[in-house]
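Student: I have a model open in the viewer and would like to go through it with you. Could we take it piece by piece?

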Amino acid sequence: MSRLLDTIDSPRDLKRLSAADLPRLAQEIRSALIETVSMVGGHLAPNLGVVELTIALHRAFDAPRDRIVFDVGHQAYVHKLLTGRREQFGTLRRRGGISGFPRRCESPYDVFGTGHGSTSISAALGIATARDLAGEHYQVVAVIGDGAMTGGMAFEGLNQVAERDTDLVIILNDNGMSISPNVGAMARYLQRFRLDPGYSSAKRSVEGLVRRYDRFGLGNHVLDAVEKLKDGAKSLFLPGMLFEELGLRYFGPVDGHDLDELTRTFEQVRRLKGPRIVHVVTQKGRGYRLAEEDAESYHGCKPFDVDQGQLDPPVPQKTYSEVFSEALAGLAEADSRIVAVTAAMCVGTGLKPFARRFPHRFFDVGMAEEHAVTFAAGLAAEGWRPVVAIYSTFLQRAYDQVLHDVCLQGLPVVFCLDRAGLVGSDGPTHHGVFDFSYLRHIPGLVVGAPRSGAELKRMLAAAFAHDGPFAIRYPAGAAEETESNGRPSTLEIGRGEVLREGSQATLVAVGSCVGAAQAAADELAGDGMQVGVIDARFVKPLDTGLLEDAGRLTGLLVTVEENVLQGGFGAAVLEWAAPLGIRVHRLGIADEFVPHGSQTELRQLVGIDADSIAQAVRHAVAGRVSAGP
Ligand SMILES: Cc1ncc(C[n+]2csc(CCOP(=O)(O)OP(=O)(O)O)c2C)c(N)n1
């Protein structure tokens, strides 16, 4: 039988289907999601959970005239399938293919680019305000998960929504999960009336009333009347009082897998005015047993076998996150002041074993990086030794908290920046390629990047022994060499290491680039060139003694980093070297956003793989390039 999905090139086609066709369409979408994500990896469970929600949204609203803004955007695959990208869906997250997140340049239906969380309410309110200023009339819809709702920006947005009192619809997709089970007071609040059948029946009564009066254009009057009831009585009728108090009309909880109920509710809500919030209850991973049972692992997953589920990687090698996890557990065993903080990334950062072993010393603060950092600062101010484990890209959020709340006070917080560098198929929203630049100018902050798992362990030990703020960044994926091979268990801050002597040039690499620099030096040795390699280890403080010796010996330092060149590691070396007259050539990421693709493809693209490094050194030695871009 031919697929209904193949008849849909835009939401207009979707509207032509009969309601009876929709369950079949939902089934086809689920199959397409499972098939593609099992091949390319990606956010499976979140998308399986919003199949009906997205169908209903595109039937009730009129995109792209009506603007739909997805929070985080990891759940927008269904939206992509329904808005003209069905045929490209197999290219999802691949180099040159469609993105795993909404992108304005990809489709007029992607009205706002996302990747980081809790932005949808602010963006939607901005769009709604622009509409009002232009005197136009369309609907603006923010689709936000209960996880993203824990982020500070969501609350800041809600605060202004109430004040602006304009037409805006917020769809709260509540599945009780962030990546892991959702945390905090908001999660508890939502759970209270999500699970209480009493609320549902009260809600149905109100809905019935609204529907009856809506026929006469009086739906708003009914709601007004309900709103005027005394608070106590009102809460009997309307769950979601918190939102009501914030000035939004609350609808729900709605069964997020009941297409009729969803479409009916969205259509009603679309006709109303002012700020409205629809609370939709969904099941993460819906329709694929393995993802339903383990929504955490299938939140974002690697390619997998559809029948058997996730397969272990062919060569079981420890990731940097796992090495961090083990090293932290050992240090925390010996030092009871060590506590760990995550912003909703317990699994990804490798903190789960720590959380199990030291439940009272582990804090998941929700998707709230700014809060995580200042919360850790508070702990440090009272003598605890917090580690904030966070992805490099998400720490961008908390720049001021790192600077003002931690470093200005010299507090000993250890930042472990996972997924630093080019992360691969999640693309530009997730590459962690700015951290050297946004951290290294902060006074008093040590910034290091280990080249291997073993070095990460030593650097972590050094960080906890240091009485001040310390940031360590390491990449996504498997760690090179994880055992210390008899080396000391810690290392000296600000000390690099000479890995290879050379007379014609010295490659000065840091972190994930050290391996490629060594391979490049091997390649050059094959051509008869003597090129040294230094692992700088620290971007701050720089090992200027080591650099000066190498610079004087070879006359040319070629820096290599997986970070933007502007303000990065090479820039630090250049700033130091310029007055000394030592020539520096820098390799790293040029002044542009890097697209999605595999890590290997992207490293080649930006010129930091071994071949590109070797080629750059040949040119630099031959004097064919200027002293750095
Ligand atoms: C600022 C920020 N922090 C962390 C993340 C990583 N992250 C991606 S999705 C997600 C959970 C989102 O939960 P929710 O909004 O409830 O959506 P669901 O996946 O449950 O549908 C997290 C923590 C992010 N994208 N942005």
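**Strands, helices and domains**

Tutor: Let me begin with one strand pair in this predicted model: strand 16 (residues 556-564) and strand 17 are joined by six bridges and pair in the parallel sense. Within that pair, V558 stands opposite H585 in strand 17.

Student: And what is the order of the strands in the sheet with mixed pairing?

Tutor: The order is 12-14-13-16-17, in an open sheet of five strands whose pairing is mixed. Strand 12 (497-500) and strand 17 (583-589) each have a single partner strand and stand at the edges, so one side of each is left without a neighbour in the sheet. From one strand to the next, the twist averages 25 degrees.

Student: Ok, which strands does helix 22 touch?

Tutor: Helix 22 (residues 514-526) packs on the sheet and touches strand 12, strand 13 (505-509), strand 14 (531-535) and strand 16, and its direction makes about 170 degrees with that of strand 14. Helix 24 (residues 569-577) lies across strand 13, strand 16 and strand 17, and it runs at about 145 degrees to strand 16.

Student: Switching topic: how is the protein divided into domains?

Tutor: The domain assignment gives domain 1 as 5-10 + 23-196 + 248-290, domain 2 as 320-473 and domain 3 as 497-621. Taken over C-alpha atoms, the centres of domain 2 and domain 3 are separated by 26 Å, and the contact takes 22 residues from domain 2 and 29 residues from domain 3.

Student: Which elements supply the domain 2 side of that?

Tutor: Helix 20 (435-439) and strand 10 (446-448) each supply at least two residues of the side of domain 2 that touches domain 3. By class, the residues of that side of domain 2 are ten nonpolar, seven polar and five charged.

Student: What about the ligand, which residues are closest?

Tutor: The closest are P46, G117, G145, G147 and A148, out of 25 residues that surround the ligand. The shell around the ligand has ten nonpolar, eleven polar and four charged residues.

Student: And where does the ligand lie relative to the domains?

Tutor: Domain 1 and domain 2 both give residues to the shell around the ligand, so the ligand lies between them.

Student: Back to sheets, what about the one that includes strand 1?

Tutor: That one is an open sheet of five strands in the order 1-2-3-5-4, with parallel pairing. Its edge strands are strand 1 (67-70) and strand 4 (249-255), each of which pairs on one side only, and the twist from one strand to the next averages 20 degrees. Strand 3 (residues 168-174) and strand 5 (residues 275-281) run parallel and are joined by seven bridges, with L168 standing opposite P275 in strand 5.

Student: Which helix lies across strand 2 there?

Tutor: Helix 6 (residues 120-134) lies across strand 1, strand 2 (140-145) and strand 3, and it runs at about 175 degrees to strand 2.

Student: Last one, how do helix 6 and helix 7 pack?

Tutor: Helix 6 and helix 7 (residues 152-164) pack at an angle of about 30 degrees, with their axes 8 Å apart, and that angle makes helix 6 roughly parallel to helix 7. On the helix 6 side the contact involves I121, S122, L125 and T129, which meet M153, A154, E156, G157, L158, Q160, V161 and R164 in helix 7. By class, this contact of helix 6 with helix 7 has six nonpolar, four polar and two charged residues.

How values were computed
Residues numbered from 1 in each chain as written. Predicted model: local features only at pLDDT ≥ 70, side-chain atom pairs only at ≥ 80, totals over all residues. Pairing = 2+ DSSP bridges. Helix = DSSP H or I, 4+ residues; strand = E, 2+ residues; numbered from the N terminus. Axes fitted to C-alpha atoms, helices over the stretch in contact; angles between N-to-C directions. Contact = placed C-beta atoms within 7 Å. Domains from an automatic or database assignment. Nonpolar A, V, L, I, M, F, W, Y, C, P; charged D, E, K, R; others polar. Near = placed C-beta within 6 Å. Parallel < 35°, antiparallel > 145°, perpendicular 65-115°, else oblique.
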